[in-house]
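Here are a few short exercises to work through with the structure in view. Try each one yourself before you read the solution.

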Amino acid sequence: MNKILIIDDDRELCALIKRSVQAENIEADFCNTGKEGLQKLREQEYQLVVLDVMMPGMDGFETLEEIRKENSLPILMFTSKNDSISKVRGLRAGADDYLTKPFDMDELIARIASLIRRYTRFNQQAGAIRKLNFDGLQIDLENRSVTTSNGTFELPPKEFDLLLYCAKHQGKILTKQQIYEEVWGEEYFYDDSNIMAIISRLRKKLEVNSSSPKYIQTVKGIGYRFNKEV
């Protein structure tokens, strides 16, 4: 059974989330400080962490940075409403998704389930994955080609690398900086023209309707996300 760790100083909220996910057959532990959370992660195995930004002592960002030194499991962060700075900072530091407080419990559960599925899907032994299959799209890692309803064809290196990076992080919001530094291997200087041009070309090749993309979707003001529903 999947098990998550909730790190939040609001004890009542932690208990509520625990009861809610247990109803969906997901086990949960919770603690109220970052230090406690780090200790639990060293003692037990979890499939996901729910982490609040605002906590006394070690805040969510510091806790996130420490987790990422030792663990690659998905992390969903709670941020305050309209706090775009915290959202971007968390994503750049390694968070996989965020949810603003107050939130709908059904949405939280849906996001938790989606992140766990993605983590389980891609957390396989190195070399085990040869092809990634999505609804109407197959990515062949060995031959660096894609297959759609229009047939099988190769992509230029940057197009393939960008598509693969997004697909491997299905459901995760990726900032433009993350994409640029991963695909180009260079420091990001806030020039988005290369990223936008490649995504535009990919959409024309992969999408039935490039103006309403099914695969790589725009997250306004932050970056892009490979659709978690495909």
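**Exercise 1.** Find how many bridges join S3 to strand S4, and which residue of S4 stands opposite Val49.

*Solution.* This is a predicted model, so let's start with its strands. Step one: S3 and S4 (residues 75-80) are joined by 4 bridges and run parallel. Step two: look across from Val49 and you'll find Ile75 in S4. Step three: try strand S1 (residues 3-7), which is parallel to S3 and joined to it by 4 bridges. There, Leu5 is the residue standing opposite Val49.

**Exercise 2.** Work out whether the two faces of S3 are covered or open.

*Solution.* Step one: remember that side chains in a regular strand alternate between the two faces of the sheet. Step two: sort the residues by side. Leu48, Val50 and Asp52 go on one side, Val49 and Leu51 on the other, and all are buried, so both faces are covered. Step three: 5 of the 5 residues in S3 (residues 48-52) are buried, so the rest of the structure largely encloses this strand.

**Exercise 3.** Trace the path from S3 to S4 and decide which face of helix H3 is buried.

*Solution.* Step one: S3, H3 (residues 60-70) and S4 form a right-handed β-α-β unit. Step two: at the start of H3, a side-chain oxygen of Asp59 comes within 3.1 Å of the backbone nitrogen of Phe61. Step three: list the buried residues of H3, namely Gly60, Phe61, Thr63, Leu64 and Ile67. Viewed down the axis of H3, they fall within an arc of 155°, so they line one face of the helix. Step four: turn to the face pointing away from that buried side, where you'll meet the exposed residues Lys69 and Glu70.

Definitions and conventions
Residues are numbered from 1 along each chain as its sequence is written. This is a predicted model: local features need pLDDT of at least 70, side-chain atom pairs count only at pLDDT 80 or more; totals for chains, interfaces and linings use all residues. Side-chain values use heavy atoms; hydrogens and water are left out. Buried means under 20% relative accessible area, exposed over 50%, partly exposed in between (1.4 Å probe, protein chains only). Two strands pair if DSSP finds at least two bridges between them. A crossover is right-handed if, with the strands pointing away from the viewer, the path from the first strand over the helix to the second runs clockwise. The arc is that of the directions from the helix axis to the C-beta atoms. A polar contact is a pair of N or O atoms within 3.5 Å; within protein, one must be able to donate a hydrogen and the other to accept it, and residues adjacent in sequence count only if both atoms are side-chain atoms.
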